[in-house]
Amino acid sequence: MSAQRIRWSEAAAAGLARGPLTVAGGTVRVVADEDAPAAAVLLRRARAADVSALYELLERYAAQGLLLPRTREQVAATIEQFTVAVDAHGVAGCGALRPYGPELAEVCALAVAERLQGQSVGRCIVESIVEEAEATGVKRLFALTLREGFFNRLGFRTGRITELPEKVTADCAGCPKRSACDEIMVVRELGCAPGTH
Ligand SMILES: CC(C)(COP(=O)(O)OP(=O)(O)OC[C@H]1O[C@@H](n2cnc3c(N)ncnc32)[C@H](O)[C@@H]1OP(=O)(O)O)[C@@H](O)C(=O)NCCC(=O)NCCS
């Protein structure tokens, strides 16, 4: 399955502008512009009004140990780092780009609502964050994850946390998982196509 983000006008012209998602031939098309009707999945920057919905989405997965817990205040304080996927029912996915210096950044707080999992929304969110990171000069984009395979499919190689002293210094000492960290570090070098590094 391949995902792509296309403009709503193109989806409509191709006859894809029907149904709860614009699905055709196993490909989910997440439309990328603001004038898409409620039936589509839209990727956009997060807004202050999204804080509660984002907090609730992240909290569900934090309770399952899949994401680190975040308070509502932490989500609000970093809201400008988030990209959200929105469908007719509201916020259906998110991911954040957290900088660790001019050339290093993390994809974090990545989540897709159960109702949309497996339909390439997560891929589209990560690809959007990759584009955002590249546009701001980031050279290495990493994640700490229990979903190594998902990131490997998106061009991230599995590495070791010791490759990222900036991350260790900033976060590991205060992390609730510090004594028994099960997260896997995945990293993608930007500025080259996936699989070519
Ligand atoms: C992980 C998550 C974000 C994936 O989002 P999604 O929208 O379901 O994933 P997609 O449909 O975009 O999948 C893209 C590709 O990754 C694969 N994939 C999805 N989840 C995977 C997993 N857990 N392990 C391995 N591969 C996975 C898909 O099969 C697909 O591969 P393909 O293109 O070769 O068919 C989503 O399942 C989620 O929110 N999980 C709970 C929270 C979580 O674990 N977040 C990640 C923490 S870093």
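How many residues lie between β6 and β7 in their hairpin, and which residue in the turn has a positive phi? Four positions, given as 4 residues, separate the two strands, and the turn residue is Gly 101, with a phi of about 130 degrees. This hairpin belongs to a predicted model. The account below starts with the whole chain and then returns to the strands.

The chain has 197 residues, of which 36% count as buried. Its secondary structure comes to 6 helices and 10 strands. Among contacts with a separation of 6 or more, 64% link residues 24 or more positions apart. The average pLDDT is 84, and 77% of the residues score at least 70. Residues 17-27 fall below 50. Beyond near neighbours in sequence, that stretch makes 21 contacts in the model.

Strands β4 to β7 are linked by successive antiparallel pairings. Strand β4 covers residues 42-45 and is joined to β5 by 4 bridges. In this pairing, Leu 42 has Val 86 of β5 as its bridge partner. Strand β5 spans residues 82-87 and runs antiparallel to β6, with 6 bridges between them. Val 84 stands opposite Cys 94 in β6. The connection from β5 to β6 is a hairpin through 2 residues. Strand β6 in turn pairs with β7, residues 104-112, over 6 bridges in the antiparallel sense. Here Arg 98 has Glu 106 of β7 as its bridge partner.

Burial was examined next for β5 and β6. In β5, 6 of the 6 residues are buried, so the strand is largely enclosed by the rest of the structure. In a regular strand the side chains alternate between the two faces of the sheet. Both faces of β5 are covered. Phe 82, Val 84 and Val 86 are buried on one side. Thr 83, Ala 85 and Asp 87 are buried on the other. Strand β6 comprises residues 90-99, and 7 of its 10 residues are buried, so β6 is also largely enclosed by the rest of the structure.

The largest nonpolar core has 45 residues. Leu 54, Ala 85, Ala 92 and Cys 94 have the most contacts inside this core. Strands β4, β5, β6, β7, β8 and β10 (184-189) each give two or more residues to the core, as do helices α2 (51-63) and α4. Cys 94 illustrates the contacts of a core residue. Not counting residues up to four places away in sequence, Cys 94 touches Leu 54 and Leu 57. Cys 94 also touches Phe 82, Thr 83, Val 84 and Ala 85. Ala 109 and Ala 111 complete its list of contacts.

Two helix residues were compared with respect to burial. Val 121 lies in helix α4. Val 121 has 23 other C-beta atoms within 10 Å and is therefore buried, given a cut-off of 20 or more. Its C-alpha atom is 7.5 Å from that of Ala 85, although the two residues are 36 apart in sequence. Tyr 55 lies in helix α2. Tyr 55 has 19 other C-beta atoms within 10 Å and is partly exposed. The C-alpha atoms of Tyr 55 and Thr 71 are separated by 7.3 Å, with their positions 16 residues apart along the chain counted as sequence separation. Leaving aside neighbours within four places in sequence, Tyr 55 is in contact with Arg 72 and Val 75.

The ligand is surrounded by 20 residues. The closest are Gln 117, Gly 122, Arg 123, Thr 145 and Gly 149. Strands β7 and β8 (140-145) each supply at least two residues of this shell. Helices α4 (121-135) and α5 (148-153) each do likewise. By class, the shell has 10 nonpolar, 7 polar and 3 charged residues. Elements β7, α4 and β8 thus appear both around the ligand and in the largest nonpolar core.

How values were computed: Residues are numbered from 1 along each chain as its sequence is written. This is a predicted model: local features need pLDDT of at least 70, side-chain atom pairs count only at pLDDT 80 or more; totals for chains, interfaces and linings use all residues. A residue is buried if 20 or more other C-beta atoms lie within 10 Å of its own, exposed if 12 or fewer, and partly exposed in between; C-beta atoms are placed from the backbone. Two strands pair if DSSP finds at least two bridges between them. A residue is near a molecule or strand if its C-beta atom, placed from the backbone, lies within 6 Å of it. Ala, Val, Leu, Ile, Met, Phe, Trp, Tyr, Cys and Pro count as nonpolar, Asp, Glu, Lys and Arg as charged, and the others, Gly among them, as polar. A nonpolar core is a set of buried Ala, Val, Leu, Ile, Met, Phe, Trp, Tyr and Cys residues joined through C-beta atoms within 7 Å. Two residues are in contact if their C-beta atoms, placed from the backbone, lie within 7 Å. pLDDT is the predictor's confidence in each residue, from 0 to 100.
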